[in-house]
Each structure stands twice: as C-alpha cells, then as structure tokens.
Amino acid sequence: MIPKESKDFIKNNFKKESVVCLTGAGISAESGIPVFRGKGGLWEKYDPQIYAYPEGLISLLRTQPQGLANFIVDFYTLLIKARPNPGHLALAVLEKEGIVRSVITQNVDNLHQASGLRSVIELHGNAFRIKCMECSHTIVLERDRIKEMTELVKINKDSRIKLLKVLSRYFPRCSCGARHRIDIVLFGEMLPEEALTSAYKQLDNCSILLLIGTSLVVYPAASLPLYAKERGAKLIEINNEPSMLSEICDYKITGKASEILPEALTLLGYA
Ligand code: NAD
C-alpha cells in the first residue's frame, strides 16, 4: 500500500510535473519472469560469469553445447510466455493521460511495448530482436519463430554441429556478410549510445523520476538516478526491498509494482 506521505505527493504533483520512469526486472516479476539474481532466477541455475558474457556463450558452444541449449530454452521459454501485468498496464495508462513522459527500461522482455506504452528507451536492448554485429541492421524475432527455435534447440542440443545449424537459421547472416546476434547488452558490453543519450535527455528536464523494480546495482543504468537528482528531480522508489540507492530517494514505496502502480492510477482518478 502507498504510504500517506507518498500518496499526498503523488496527488499533488503528478498532474503538473514531468514524470519519467526507470524500470528493472522487478516490474516483470508478476509476469512470470523471476528477477535473475533472486530465488528461482536464471543465475541460480546458470553461472552469470559464463552465461552473461559473450565470450562465455561462445566457449559454451564449443565445449558444452547442452549447457548453452538449456540456457537458450529456459531464457526464451520464460520470455515468450510472459504478458504485461497490471504494473506495465498502469504505466501505459499514465503515459496516455500525459502523466508519464517516458520509460527508461533495463528490461529486455518487450513487456512495456506489449502493454501499449509508446515512449520506451531500451538501455539493454530487446530479446525479441536480432542485430547485425557489423552494420547494426535489426530484425524482429517473432514469438512464434522463437518458439520454433526453442523446440529445435531442444531436439538438437547434444550435438554442437546440429545446434550450430539451428542457431545459424535463426541468427542469419546480414546482407553485409556479418552475422546477426541477439540484440541485448551482455555483461561487459557498451550500452547503445543512442538509448543512453535519449535517457539523459529525458532526465535533463524531468522533475520526478520513478525507480520501479530495480536493484540499481547494474551500471551505468544505476547512475541515472544520481544524474536526475543532481538536476533537481525528486526520486520515488517502488520496490519490495531496498535498492542500492534507497537512501537518496525522496519517497520509498515498499510493495509489488503490479499493485502499487494500479493504486497510483486510482489515486489520480484514472482507474
Ligand atoms: P535486479 O534483478 O538486480 O533487481 C530487481 C529488483 O526488483 C530488486 O531490487 C527487487 O527487490 C525488485 N523486485 C522484485 N520483485 C518486485 C516486484 N514485484 N515489484 C517491485 N520490485 C520488485 O534487476 P535490475 O535492477 O533490472 O538489473 C538486472 C539486469 O538484468 C538488468 O540489466 C536487466 O536487463 C536484466 N534482467 C532483465 C529481465 C527482464 O527483461 N524482465 C529480467 C531479469 C534481469
């Protein structure tokens, strides 16, 4: 439940101020995608020191194709099943009503877009897209195609050559000759410059930044709240646990994003 002090702030300020959101894995938890670091998360089963790095994934293909295949299947099975939850939907309504100006997300699950939200800045890419490693040409990876790929990966997971053949089909060569890969930012990789520039631009003149379901341990995304605060924005955290930056937040709302955001909608008279 939203505490009284935060309720008053939302009621008195949201309709007249410029609100931007920074979202993380927590907003998608109720859509069936457990946060990677948490209980039941992917990093419990797969070592992020291997599975979150490009070099790790490439070496798995050579030395442990079954491990890579299982990871691809687990990762995409979660993503293709997930649908926007009331938290994503509430943000889309807040955007439509002119309250939320944009959402900067660290998520790669496409759920903000699926909720109807239009102004989404993807800091870490999108798992439903592939990108040419040379010229950055992108292709949307449709849900049905991913489903088809995971089925084939399951069947061919014990043979490196067969797995490679399946992956080559779904991550084809570009017309420039280079290969496409999943369009997400892996550990140690740079964030897309355009997305980062757009995020800073949004924060340059935002007066309220909502931090929703993010632990704020992943940089440079975690530096964005500090950037906004230095420019005078109020920070409001919606999280079921404290984050790394809870201490500097002006308002802390403890709870699930899928409950708090619809409550905020009602408070503002849009539900
Ligand atoms: P994180 O796993 O580090 O932290 C998740 C945060 O969400 C935690 O602070 C947790 O307390 C909070 N949380 C959990 N359930 C919640 C709920 N129901 N309501 C509100 N808060 C809740 O996630 P992060 O900060 O986004 O950083 C992790 C990185 O992993 C990101 O870069 C992201 O790209 C990636 N990731 C993406 C997804 C996705 O796309 N859905 C899922 C997992 C991880």
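**Two domains, T214 and helix α6**

Modeller: One pair to start with: E122 and R129 make a salt bridge (a Lys or Arg side-chain nitrogen within 4 Å of an Asp or Glu carboxyl oxygen), with the closest N and O atoms 2.9 Å apart. Bear in mind that this is a predicted model, where local features need pLDDT of at least 70, side-chain atom pairs count only at pLDDT 80 or more, and totals for chains, interfaces and linings use all residues. Residues are numbered from 1 along each chain as its sequence is written, and side-chain values use heavy atoms, leaving out hydrogens and water.

Biologist: How many salt bridges does the rule find across the interface of domain 1 and domain 2?

Modeller: The domain assignment (automatic or from a database) gives domain 1 as 1-32 + 84-124 + 191-271 and domain 2 as 34-81 + 127-184. E122 and R129 form a salt bridge. Across the interface of these two domains, the rule's count is 1.

Biologist: And what area is buried between domain 1 and domain 2?

Modeller: Interface size is often given as the accessible area lost when the parts come together. Here 11 residues of domain 1 are in contact (heavy atoms within 4.5 Å) with 11 of domain 2. Carbon and sulfur atoms give 57% of the buried area (accessible area lost by two parts on being put together, 1.4 Å probe, summed over both), which comes to about 810 Å².

Biologist: Over to T214: is T214 buried or exposed?

Modeller: T214 sits in the loop between β7 (208-212) and α11 (224-230). Beyond its neighbours within four places in sequence, T214 is in contact with L22, T23, G24, Q106, N239 and S243. The cut-offs are under 20% relative accessible area for buried, over 50% for exposed and partly exposed in between (1.4 Å probe, protein chains only). T214 has 5% relative accessibility, so it counts as buried.

Biologist: Which residue caps the N-terminal end of α6?

Modeller: Helix α6 covers residues 86-96; helices here are DSSP runs of H or I, at least four residues, and strands are E runs of at least two, numbered from the N terminus. A side-chain oxygen lies 2.6 Å from the backbone nitrogen of G87, and the capping residue is N85.

Biologist: Which elements do the buried residues of α6 pack against?

Modeller: The buried residues of the helix are G87, H88, A90, L91, A92, L94 and E95. Just after α6, G98 takes a positive phi of about 80°. The packing partners of those buried residues are β1 (19-23), β2 (100-105), α7 (111-114), β7 and α12 (257-267).

Definitions and conventions:
A polar contact is a pair of N or O atoms within 3.5 Å; within protein, one must be able to donate a hydrogen and the other to accept it, and residues adjacent in sequence count only if both atoms are side-chain atoms.
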